[in-house]
Amino acid sequence: LIKILQVRNIDSFVESRRQKTSEKDRKTVQSILNDVRKNGDSAVKKYERKFNGRKTSQLRVSAKEIKEAKSKISRKEYKAIGALDYWLDFNENWLKMNVKEAVEKMSADSKLDKELLEEDGFPIIEKSLVPIPSVGCYIPGGQARYPSSVVMSVTPAKKAGVKRIVVVSPPGRDGKIDPLTIAAAKRCGATEIYKVGGAQAIGALAYGTKSIPKVDKIVGPGGKFVSIAKSLVSDQTAIDMVAGPTELGIIANASSNPELVALDLISQAEHSKDTMCFVITTSKTVAKQIQKSLEKLIPDVERNAIVKQSISKNGFIAVCKNQNEMIELANKIAPEHLELMVENARSLSKKITGAGLLLIGKNTPSAASDYILGTNHILPTNGFGRTRGGLYVLDFLKLQTVVESNKKRFLELKDSLKALTDAEGLPNHYKAVKRRLD
């Protein structure tokens with residue numbers, strides 16, 4: 001079910017395991033986006049009918065549908081969404097306060113009294129955090145339902161102060177979105193909900209249609225077509241990151257429990273057949289133990305058809321020569337989630353810089369972080385963990401900078417300005433400033 005591979009050259013190994021976008025898939029998604037851009041609602045409805053097998057007359061979820069959805073969920077489910085929202089909101093609030101304090105300090109250090117501006121020629125620089133006007137939150141559907149992803153995207157947007165928060169999610173065969181997804185969206189602060197998914201949903205959010213006005217930024221996880229679509233529209237509309245298909249890496253050694261490693265791989269693999277789940281170790285013995293555990297467990301687990309396809313298609317156990325090689329490989333693959341299921345996990349974590357989310361110790365599985373640990377499960381995939389972390393409140397805020405200067409500043413620095421504008425071959429920059437001095 002899962003391949004055991006000896007690592008010989010790290011760079012070539014990483015390149016061979018990286019999930020690549022096929023030209024065929026890219027062309028398919030581009031054609032959908034072009035159609036939505038040109039034909040709006042009619043194209044969106046056409047693809048919903050094609051991919052979901054049901055004609056959609058009204059794209060927006062009505063007040064009546066919202067009320068109906070709330071009546072279908074249990075008190076226990078609604079309470080669970082409330083708990084998830086509370087802990088994430090708590091963490092986002094802490095982040096926002098700390099960042100706001102840092103920005104205010106930076107602004108205070110730069111902002112001088114008006115008298116100094118007039119007397120000494122120092123510019124006044126002010127910095128503030130401004131919420132993005134509108135965002136679109138993509139919530140996956142299809143093979144599973146993801147009300148937890150509603151909380152992960154809508155809650156930080158609401159905390160940031162975004163005024164228009166749009167939720168899009170693919171409807172089921174009955175033409176309706178999962179009731180708990182709708183209830184979570186309303187509870188967390190979504191202002192609009194639409195019954196549309198896939199690349200056509202991303203196109204609608206990016207370009208706008210009669211029913212779905214465009215947004216300033218698109219966030220949220222999705223399958224490969226949604227990820228490709230987000231990437232393709234990013235020249236028109238801001239996106240958070242490439243977030244999907246999901247990935248889980250585990251660093252294991254002789255102290256690791258093979259069954260727990262196998263169960264964690266299975267838990268992530270059940271998302272879809274495109275999931276990438278893998279183990280990094282220095283021991284062939286450990287690799288074989290994990291391999292045997294998977295072969296024993298998979299036949300009897302729920303959703304085993306998806307799990308089996310995911311593990312056999314994309315899963316692997318990489319055997320490295322030593323710990324340094326394990327660290328280098330983990331940082332270069334830069335998976336969405338990386339579990340350190342070893343006895344020295346805390347010290348080892350200081351050397352890991354590439355993961356989207358780092359999970360320390362045997363009692364911090366990705367299955368828990370997806371829901372109840374207070375961290376966001378919308379995370380970078382495809383190696384982008386090397387440059388950013390999970391979605392959070394700052395993704396919905398813009399740093400606004402304001403500056404005010406005067407002639408005295410120009411006089412002090414005109415020679416430097418002249419030297420630089422001459423060096424760059426842009427003389428009109430200097431003339432524009434010099435005229436103010438003349």
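In this predicted model, Val167 makes a good starting point, since a whole set of residues beyond its sequence neighbours gathers around this side chain and backbone: leaving aside positions up to four places away in sequence, Val167 touches Cys137, Ile139, Val154, Ala185, Ala190, Glu192, Ile193 and Tyr194. Val167 also belongs to the largest nonpolar core, which has 38 residues; those with the most contacts inside this core are Val135, Cys137, Val167, Ile193 and Phe396. Two or more residues each come to this core from helix 4 (63-72), helix 5 (75-110), strand 3, helix 7, strand 4 and helix 8 (179-188). Another core lies apart from this one and has 29 residues, among them Leu33, Val36, Val44 and Ala229. In soluble globular proteins, nonpolar side chains tend to be buried together.

Turning to the sheet, 5 strands form an open arrangement in the order 5-4-3-6-7, with parallel pairing. The edges are taken by strand 5 (192-195) and strand 7 (238-239); each has a single partner strand, so one side of each is left without a neighbour in the sheet. Strand 3 (residues 134-138) and strand 4 (residues 164-169) run parallel and are joined by 5 bridges. Tyr138 has Val168 of strand 4 as its bridge partner. Helix 7 (residues 147-160) packs on the sheet, where it touches strand 3, strand 4 and strand 6 (217-219), and the direction of helix 7 makes about 175° with that of strand 4.

Helix 9 (residues 198-207) deserves a closer look. This helix is mostly covered, with 9 of its 10 residues buried. The buried residues are Ala199, Gln200, Ala201, Ile202, Gly203, Ala204, Leu205, Ala206 and Tyr207. Their packing partners are helix 2 (23-39), helix 3 (41-52), strand 3, strand 4, strand 6 and helix 10 (224-233). Just after helix 9 comes Gly208, with a positive phi of about 85°.

Helix 10 appears again at a pocket. The second largest pocket holds about 470 Å³ of space. Its lining consists of 22 residues, of which Gln19, Lys20, Thr21, Lys224 and Asn382 are the closest to the pocket centre. At least two lining residues are supplied by each of helix 1 (10-17), helix 2, helix 10 and helix 13 (304-314). Helix 10 gives the most to this lining, with 4 residues. Helix 2 and helix 10 thus have two roles here: both are packed against by the buried residues of helix 9, and both supply residues to the lining of the second largest pocket.

Terms used:
Residues numbered from 1 in each chain as written. Predicted model: local features only at pLDDT ≥ 70, side-chain atom pairs only at ≥ 80, totals over all residues. Heavy atoms only, no water. Pairing = 2+ DSSP bridges. Contact = heavy atoms within 4.5 Å. Axes fitted to C-alpha atoms, helices over the stretch in contact; angles between N-to-C directions. Core = buried A, V, L, I, M, F, W, Y, C linked by side-chain atoms within 4.5 Å. Buried < 20%, exposed > 50% of the residue type's maximum accessible area, 1.4 Å probe, protein only. 1 Å grid on protein atoms, 1.4 Å probe; cavity = no way out; pocket = protein on both sides within 12 Å on 5 of 7 lines; lining within 4 Å. Points joined across faces, edges and corners; volume = space filled by probe spheres on them.
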